[in-house]
Amino acid sequence: MTPHRRVSDNFHWPLFLGTAAILAIGLVNLFSAAYATRPTYFFSQIGWTAIAVVIAAVAYAIDYRVYERLAYFLFGVCLVLLVAVLFSRPIGGSQRWLNLGIFNLQPSEPMKIFLVMALAKYFHNTPTPKEGHDLWSLRKVWLIILTPMALVLKEPDLGTSLLLAIIAFSLLLFTRIKRRTLIAMVLAALILIPVGWHYVLKDYQKTRIMTLFDPGSDPRGSGYHRRQSVIAIGSGMVNGKGFRNGTQTQLRFLPEQHTDFIFSVWAEEQGYVGSLAVLSLYLTIILSGLHVASKAREKFGALLAVGATAVLFWQIFINIGMVIGLLPVVGVTLPFMSYGGTSMIICMVCVALLLNVYGRRRLF
């Protein structure tokens with residue numbers, strides 16, 4: 001039996017089918033969200049989805065151990081792109097995209113998975129101290145994590161910068177680290193909060209955070225997005241208003257309804273039942289990712305699976321928390337549902353890497 005046949009025989013169908021279902025729901029939902037504003041987004045997203053599927057197929061076909069050899073190189077290339085972004089023309093007050101002629105590339109998106117690869121390679125190749133890693137033994141890890149975080153924060157993109165930190169921390173939890181080191185990391189983060197508040201965050205970012213605790217303080221300004229999102233979700237009630245019958249969506253009260261607040265569109269039109277169905281599919285994907293990590297035969301594969309799962313989980317968690325008013329608005333998209341080419345490709349690659357690790361778990 002050929003290796004390729006053996007890989008296909010070990011295909012993770014719950015992960016594949018859950019992703020396919022979310023993709024289909026996302027396209028239907030985007031059609032409704034974009035119909036009232038920019039109908040061309042729907043057809044553009046179909047194109048991006050097709051491209052993402054092709055790239056994911058290639059990522060799946062290549063043995064994931066090849067990515068270990070390329071991890072630092074890919075990470076370095078993405079760092080160069082992040083530096084180049086800082087010299088690009090600002091769009092909407094931010095420098096997040098590189099104009100490549102055919103499309104705009106947002107390097108912070110691929111950095112999520114390249115950061116995972118770099119960390120997975122480091123921990124795979126670095127012997128773990130008998131008692132676990134301490135702050136000093138992790139000094140190179142801090143450099144790997146903090147460098148892209150600083151560049152993304154400079155754009156400025158607070159949401160993605162924090163997302164990189166959370167993804168990296170999730171990966172660290174699956175390595176052997178001394179308890180006192182973990183405590184020191186948490187205390188350091190708490191100490192840096194007031195420093196970041198006074199010297200790092202911009203005024204509009206502070207306002208978004210303050211609006212979270214006092215939504216009525218600026219209902220027509222920074223609190224408008226959150227307020228309209230909560231209204232849309234609440235008005236869907238149990239069964240929803242029906243496809244393309246959401247008033248907040250079709251009357252354009254809901255801002256950024258094709259990207260950051262795409263879940264609000266679905267919740268208004270499909271209600272609690274539809275929202276629960278989507279969350280169940282996301283849960284299937286996340287649990288499948290953890291299952292893949294538990295079945296990996298070596299450390300790099302396990303950490304790669306954990307990291308890919310963390311990329312998807314934290315984007316889902318932050319976006320859903322943002323649209324229901326439990327987290328500040330930070331501009332994190334919802335995997336497989338929000339409009340966007342680069343984000344779609346990276347999420348599909350995450351799934352491809354999980355299928356890759358699972359399919360090759362018996363080929364050693």
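Here is a short walk through the aromatic rings of this predicted model and the charges that sit over some of them.

Let's start with the overall tally: the structure holds 13 aromatic pairs. One of them joins F11 and Y60, and the geometry is edge-to-face, with 5.9 Å between the centres and 85° between the planes. These two rings come from distant parts of the chain, 49 residues apart. F11 belongs to the loop between α1 (3–9) and α2 (13–35), while Y60 is in helix α3 (residues 40–61). How buried or exposed are they? F11 has a relative accessible area of 18%, so it counts as buried, because the cut-off is under 20%. Y60 also comes out at 18%, and is likewise buried.

Now stay with helix α3 but move to Y41, which pairs with Y339. This time the rings are stacked: 4.4 Å centre to centre, with 15° between the planes. Y339 sits in the loop between α13 (299–323) and α14 (341–359), so the pair ties together parts that lie 298 residues apart in sequence. Both Y41 and Y339 are buried.

Back to F11 and Y60 for a moment, as there's a bit more to that story. Ring pairs link them with W13 and F16 into a cluster of F11, W13, F16 and Y60.

Finally, have a look at rings with a charge over them. K121 lies over the face of Y72, 5.3 Å from the ring centre. Over at Y358, the ring has the charged end of R361 above it, 3.9 Å from the centre.

How values were computed:
Residues are numbered from 1 along each chain as its sequence is written. This is a predicted model: local features need pLDDT of at least 70, side-chain atom pairs count only at pLDDT 80 or more; totals for chains, interfaces and linings use all residues. Side-chain values use heavy atoms; hydrogens and water are left out. Rings of Phe, Tyr and Trp (its six-membered ring) pair if their centres lie within 6.5 Å; planes under 30 degrees apart count as stacked, over 60 as edge-to-face and the rest as tilted. Helices (H or I, at least four residues) and strands (E, at least two) are DSSP runs, numbered from the N terminus. Buried means under 20% relative accessible area, exposed over 50%, partly exposed in between (1.4 Å probe, protein chains only). A charge sits over a ring if NZ of Lys or CZ of Arg is within 6 Å of the ring centre and within 35 degrees of the ring normal.
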